[in-house]
Amino acid sequence: MSISLDHVKAKDVLFSQAESAKCGDLSQTVIEWRDRVSKLGELCPHGKSSTVIAALGTALLAKSTDYRVDVYSLLDRGEAEDSYSARSLADNVWARHRAELDIDLGANGANPLNNTPFIGKTRIDEITGVRNRDGWKYFVKCMEAAKAIVSSEIAAEALRGFILARSRSLLPPIDVPHELGDHLTQSAVISIIDGFVSEDSDGGRRAQAAVAAMLDASFGPENVIVGVINDPDRRAPLDVSVTRDGEAFTLAVEVKDKPISDYHVRSSIEKTVKDHNLRNLAFVAVGKQQDVVDFDAVVLWGAMHGVKVTVFLDWQSLYLACKCFAPAHLHSHEGCVFRRVIVRADELGVSRNAIERLRVTEIKSNAANDG
């Protein structure tokens, strides 16, 4: 017989364990699950089977609410013993409160389990043919460990370990020295940004971090708002927005490291003007496969409707445009942008390993200049 989980109870459990994690309440079980989930995150980063993170988190929350549930269940079926609706739990509890708790589920939309390869399935153990074989193999190992949990108390400790591993606010702050990147030349920082974004999309996070960093250096971080990827509660227009004194929006930027078309630009303009009455928009289309390079028609169309539209097709053009309006300061502009890329990437959930590789690139560039 299927199990109907109490979502109010599940929410209480989630918040209780988040508070315990914040207070540093550790046990051997908590530590083991923290390390287990951290390893899974490395094997399944954003864009590479990261939905398994949400699936595991949902299973642990379900077990913490009622330990009898079948962790492989995605939908409740009356004839299936101990089945429950993982999709419903993920939608109604995790998705609604993830951002509030500052937890990265890997799949951070309104329907975390409505992604490939989970979409259309009723059970997780029915899924086959996943490309990320190493990640999937370790995910199944984690699910087997969750299945073996025989009490809600132990499951709650496992959930606490999950929260510790996936909470951005519980990570130690990343160290960004004030002078980091000050030696970089203009061409070097543009090349570093291009390589950083090209290495891995991270679901658009890296490109978004780069755009935000350039705007930070021009308008000040306090005036730049970056929308969290796939956050259903986002209120700011487009991906990165600039405000005047933290209030009225003055510029909105949509960032795409995948090809965009004339139609895509038009639809984004219409929605932004309708929802925010904002008429200064920019589109950053830096996808390597971008084949449409003439947006004159849509720029003119926008102008005829009272909207100023600027389309950037490479990092250099955007960088120079932002630098032109940036204030002069004691540190180099290039160093300021580089440091902000690190900070914004960390805020958006780019892995610490990727950020560390970015820093190594800066060190190598410095060594090359010294040589």
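Begin the tour by selecting cysteine 142, whose sulfur has its closest cysteine sulfur in cysteine 44, at 8.8 Å, which is too far for a bond. The model in your viewer is a predicted one, and cysteine 142 counts as buried in it, at 1% relative accessibility. Move next to the partner, cysteine 44, which is likewise buried, with a relative accessible area of 2%, and for which the closest cysteine sulfur is that of cysteine 142. A disulfide requires the two sulfur atoms to lie within 2.5 Å, and the structure holds zero disulfides.

Now select residues 315-324, which form helix α11, and colour its buried residues, namely Trp315, Leu318, Tyr319 and Cys322. Why do the buried residues line one face of the helix? Looking down the axis of α11, you will find that they fall within an arc of 100°, and so they share one face. The general background is that an α-helix has 3.6 residues a turn, so residues three or four places apart point the same way. To see what covers these buried residues, display the surrounding elements, which include the helices α7 (186-199), α8 (205-219) and α12 (333-348) together with the strands β4 (280-285) and β5 (308-312). Before leaving this helix, go to its start, where a side-chain oxygen of aspartate 314 comes to within 3.1 Å of the backbone nitrogen of glutamine 316.

Two of the covering elements deserve a selection of their own, so keep β4 and β5 on screen; these strands run parallel and are joined by five bridges. Within β4 and β5, pick alanine 282 and you will find threonine 310 of β5 standing opposite. Adding helix α10, residues 296-304, to the selection completes a β-α-β unit with β4 and β5, and this unit is right-handed.

The next stop is leucine 74, in the loop between α3 (51-65) and α4 (86-101). Is leucine 74 buried or exposed? Leucine 74 is buried, with a relative accessible area of 0%. Setting aside residues up to four places away in sequence, its contacts include Tyr84, Leu113, Phe118 and Ile124. Phenylalanine 118 is 44 residues from leucine 74 in sequence, while their C-alpha atoms are 8.4 Å apart in space.

From that loop, step into helix α4 and select histidine 97, which counts as buried at 13% relative accessibility. Beyond its neighbours within four places in sequence, histidine 97 is in contact with Lys11, Leu14 and Phe15, as well as with Asn92. Helix α1, residues 7-22, also holds serine 20, a buried residue with a relative accessible area of 17%. With sequence neighbours within four places left out, serine 20 is in contact with Asp25 and Arg160.

Finish at arginine 166, which is found in helix α6, residues 152-166, and which counts as buried at 13% relative accessibility. Show the residues around arginine 166, leaving out those up to four places away in sequence, and you will find among them Val37, Gly41, His46 and Ile53, along with Asp102, Ile103 and Asp104. Which backbone oxygen lies 2.8 Å from a polar atom of the side chain of arginine 166? That oxygen belongs to aspartate 104. As a last distance to display, take the C-alpha atoms of arginine 166 and isoleucine 127, which are separated by 24 Å although the two residues are 39 residues apart along the chain.

Note on methods: Residues are numbered from 1 along each chain as its sequence is written. This is a predicted model: local features need pLDDT of at least 70, side-chain atom pairs count only at pLDDT 80 or more; totals for chains, interfaces and linings use all residues. Side-chain values use heavy atoms; hydrogens and water are left out. Buried means under 20% relative accessible area, exposed over 50%, partly exposed in between (1.4 Å probe, protein chains only). Helices (H or I, at least four residues) and strands (E, at least two) are DSSP runs, numbered from the N terminus. The arc is that of the directions from the helix axis to the C-beta atoms. Contact means heavy atoms within 4.5 Å. A polar contact is a pair of N or O atoms within 3.5 Å; within protein, one must be able to donate a hydrogen and the other to accept it, and residues adjacent in sequence count only if both atoms are side-chain atoms. Two strands pair if DSSP finds at least two bridges between them. A crossover is right-handed if, with the strands pointing away from the viewer, the path from the first strand over the helix to the second runs clockwise.
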